Amino acid sequence: MTDIIIKEVVTKDDLKNFVLYPHTLYANNPYWVPSLRSDEMDTFNKDKNPSFKNCDAKLWLAYRNNEVVGRIAGI
């Protein structure tokens with residue numbers, strides 16, 4: 001079994017992968033309603049989300065074989 005590697009989201013590309021992961025995870029689920037990608041990006045943007053005046057957030061992606069297999073948010 002291949003190990004899972006956890007990497008912090010630090011670049012805009014990382015954030016894009018973080019936001020897009022549910023689109024892969026739930027791609028075949030007929031009951032899943034995707035959120036607007038731009039809204040998701042704005043949610044984690046410290047300049048656009050006023051919540052970040054009162055809190056911090058750290059995001060991580062879980063990889064197996066260089067493929068995203070999970071995401072973690074600590075807020």
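## An exposed asparagine to start

N66 counts as exposed, with a relative accessibility of 75%. This asparagine sits in the loop between strand 2 and strand 3. Its backbone is worth a look too: phi of N66 is near 60°, a positive value in a residue that isn't glycine. Keep in mind that what you're looking at is a predicted model.

N65 is found in that loop between strand 2 and strand 3 as well. Phi of N65 is near 55°, again positive in a residue other than glycine. N65 is exposed, because its relative accessible area of 56% is over the 50% cut-off. Along the sequence, N65 and I5 are 60 residues apart, yet in space their C-alpha atoms are 8.9 Å apart.

## The overall layout

Stepping back, the chain holds two helices and three strands. Follow the sequence and you get the order β-α-α-β-β. If you draw a box along the principal axes, the C-alpha atoms fill roughly 40 × 30 × 20 Å.

How do the contacts spread along the sequence? Take the contacts between residues at least 6 apart: 53% of them join residues at least 24 apart. The pair N65 and I5, 60 residues apart in sequence, shows how chain positions and spatial positions can be compared here.

## Surface and charge

Of the 75 residues in the chain, 25% are buried. The accessible surface adds up to about 5900 Å², and carbon and sulfur atoms account for 50% of that.

As for charge, there are 10 positive and 10 negative side chains. The centres of those two sets lie 2 Å apart.

## Helix 1 and its kink

Helix 1 covers residues 12-25, which is 14 residues. How far should helix 1 span? At 1.5 Å a residue, the expected figure is 20 Å, and the end C-alpha atoms are indeed 20 Å apart, so the two agree. Still, helix 1 has a kink of about 35° at V19, shortly before the proline P22.

Which residues of helix 1 are buried? They are D14, L15, F18, V19, Y21, P22 and H23. So V19, where the kink lies, is on that buried list, and so is the proline P22. In an α-helix there are 3.6 residues a turn, so residues three or four places apart point the same way. The buried residues of helix 1 pack against strand 1 (5-8), helix 2 (37-43), strand 2 (58-64) and strand 3 (67-74).

## Helix 2 and the loop after it

D39 lies in helix 2. Is D39 buried or exposed? Neither, really: D39 is partly exposed, because its relative accessible area of 43% falls between the 20% and 50% cut-offs. D39 and D13 are 26 residues apart in sequence, and their C-alpha atoms are 16 Å apart in space.

F44 belongs to the loop between helix 2 and strand 2. Why does F44 count as buried? Because its relative accessibility is 19%, and buried means under 20%. What does F44 touch? Leaving aside neighbours within four places in sequence, F44 is in contact with L15, F18, F52 and L59. Two of these, L15 and F18, are also among the buried residues of helix 1. F44 and V19 are 25 residues apart along the chain, with 9.2 Å between their C-alpha atoms.

Methods
Residues numbered from 1 in each chain as written. Predicted model: local features only at pLDDT ≥ 70, side-chain atom pairs only at ≥ 80, totals over all residues. Heavy atoms only, no water. Helix = DSSP H or I, 4+ residues; strand = E, 2+ residues; numbered from the N terminus. Buried < 20%, exposed > 50% of the residue type's maximum accessible area, 1.4 Å probe, protein only. Contact = heavy atoms within 4.5 Å. Areas by Shrake-Rupley, 256 points an atom, 1.4 Å probe, with all protein chains shown as cover. Lys, Arg positive; Asp, Glu negative; His and termini not counted. Charge placed at Lys NZ, Arg CZ, Asp CG, Glu CD. Expected span 1.5 Å × (residues − 1). Bend = angle between axes of the 7 residues up to and from the residue.
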